[in-house]
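Student: I am new to this structure and would like to learn how its descriptions are justified. Could we go through them one at a time?

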Amino acid sequence: MKRGHFSLLFLLMVLSLAGAIGCGGSGSSSNASSVTDDDASPDDDDNDDNDDNDDASPDDDASPASGAIWENLQPSGLPIGKILGDSTEMSNGPDPQPDRTFEIAQLVEIGVPRVRASIDWSQVEPTRGDFTFTTSDAFMKHFTDAGLQFDGRLCYGIGWAEPDGTDSSMDPADFAGYAGAVAGHFCGTVNSYEIWNEENNVRFWTPQPDPDKFGSLMKAAYTAIHEACPQAQVVFGGLSCFDQYTLVDGFYYFLDLVQQAHPDIGNYFDIMAIHPYTFAQVSSPEWMWEFRGQDVWRDMAGQIRVARARMAAMGAGDKPIWLTEFGWTSMTTGNDLQAAWLVRGALLSISEGVEAMDWYTFYDNDGSQPAEQGYFGLYTDPGAAGGAQAKPSFGALRTLIATLGPFQYAADFAKPLGLPDDVFGFAYKNVKTGDLAFAGWDARGLTTALELPTPSGAADCTVTDDQGNVLAKGAPGDFVSVNLGKHAIYVTFTVSR
């Protein structure tokens, strides 16, 4: 379902050059021919240390480091290929849908393991106590046949359960009856249920967000689901990053209000879900805005940290966080940045320990209200002339899974490598094979020349861009030379066993 929209437009222009040079190399950590200034002022030396002195100070694009940085890595979290998913808007009707069939086939082909979709109340319980699963069973079969994990979303209201036509008039016991019936019916097939969607946004909870009522709904649904299917996980409905509280009280303040009304709410969910869209949905995943020392807008990683802090205050700080929606609209960012930010947003969030994240969404649509929401897709609108076409964002997701799918996050290499602020580098490890990987980019719109130390025992090296193009391959030397730009660069090492 389409999420809440923040209509303020902020145009962010990012200009950069990205490339990679060679898996070979000696012990040299930098050279003048591969260095690009990281500021706008001219330097009169080749050190790029942002001064005008002809000195011997080290290049601040990539301070020398040794292969020892790869030692004693402690991988954490799930393999990246198990984290990434699709928040779909595919039809859940009973009739054959070619677009739905194509979407599922493409997700399976590139290795997306999970899909978030609704099991609508209106389809399951059209009248009080009259449960039917004919439509939902047919819908579910598409996913089980394809081997996809289905993350169920339970929403929205239905006329007979809302006396005055608003969500706040609903009796939580009625919603719990629906939630429990679904959980019991699909027990063993569906393992997670997200309760509502963006309940802190007036578009999705009427007449206005109601922390007290939602807390009651959450508690009733949690209890009913666990009674019907004890192993099912209950997900706190994905919170919109922007609501009526954000600019004054900060991100996800709705959680504090729910806790004030229900001090024990931390006991009534297994997983927290948030939707950490960036500023106006047109700024980069790293972008944040401070005004007079106060955070006005948080970057994606910052939003995750805020949510975790609010969870800790309710005694649930150790519970997983899922991003059940994230994405950018290509109408305002363009296809190129949409692809670049998909990878950067995913890798930043994974470094913060999220256990699942769903790109919103697979297809562009007709651009209906608000217009820019029609262009979040990995594919263009299937109804347009020429049919659905893959966008660069689809290639970026495919490459991310193909390259880092079996790897787990292991370390932030920015400081060990001496990278400037807003230049990122992360290390990953495949615990089954011992192979190692690196992903890095420059979020400043510039280029950073990096000599990445080779890990001990590395027998082979491959450098790849975010569209899967192999830039270099071969036996590595002491260092691997890469240029980090706005698009992530991957370096994978096959370690001798």
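Tutor: What follows is a conversation about a predicted model, taken one description at a time.

Student: What makes the eight strands a barrel, and in what order do they come?

Tutor: The eight strands close into a barrel in the order β2-β3-β4-β5-β6-β7-β10-β11, and their pairing is parallel. Neighbouring strands of this sheet are turned by 25 degrees against each other on average, with direction ignored.

Student: How do you know that β10 and β11 pair?

Tutor: Two strands pair if at least two bridges are found between them. Three bridges join β10, residues 321–326, to β11, residues 356–360, and therefore the two strands count as paired. In one of these strands, β11, the residue M357 is the bridge partner of L323.

Student: Where does helix α5 lie with respect to the strands?

Tutor: Helix α5, which spans residues 172–185, lies across β4 and β5, and runs at about 165 degrees to β4.

Student: Why is W196 called buried?

Tutor: Buried means under 20% relative accessible area, and W196 has a relative accessibility of 0%, so it counts as buried. W196 lies in strand β5, and its phi is near 75 degrees, a positive value in a residue other than glycine.

Student: Why is D422 called partly exposed?

Tutor: The partly exposed class lies between the cut-offs of 20% and 50%, and D422, at 43% relative accessibility, therefore belongs to it. D422 also has a positive phi, of about 70 degrees, although it is not a glycine, and it is found in the loop between β12 and β13.

Student: How do you know that K319 has no salt bridge?

Tutor: A salt bridge needs a side-chain nitrogen of Lys or Arg within 4 Å of a carboxyl oxygen of Asp or Glu. For K319, which is buried, the nearest side chain of opposite charge is D270, at 5.3 Å, and so no salt bridge is counted.

Student: What does the side chain of K319 reach instead, and at what distance?

Tutor: The side chain of K319 reaches the backbone oxygen of F269 at 2.6 Å; a polar contact is a pair of N or O atoms within 3.5 Å, and therefore this distance falls inside that cut-off. K319 sits in the loop between α9 and β10, and the residues it touches include G266, N267 and R308.

Student: Which residues are joined by a cis peptide bond with omega of about -15 degrees?

Tutor: That cis peptide bond joins C155 and Y156, and Y156 lies in the loop between β4 and α5. A cis peptide bond also joins T206 and P207, with omega about 0 degrees, and P207 is found in the loop between β5 and α6.

Note on methods: Residues numbered from 1 in each chain as written. Predicted model: local features only at pLDDT ≥ 70, side-chain atom pairs only at ≥ 80, totals over all residues. Heavy atoms only, no water. Helix = DSSP H or I, 4+ residues; strand = E, 2+ residues; numbered from the N terminus. Axes fitted to C-alpha atoms, helices over the stretch in contact; angles between N-to-C directions. Contact = heavy atoms within 4.5 Å. Buried < 20%, exposed > 50% of the residue type's maximum accessible area, 1.4 Å probe, protein only. Lys, Arg positive; Asp, Glu negative; His and termini not counted. Polar contact = N/O pair within 3.5 Å; in protein donor to acceptor, adjacent residues only side chain to side chain. Lists of a residue's contacts leave out its neighbours within four places in sequence.
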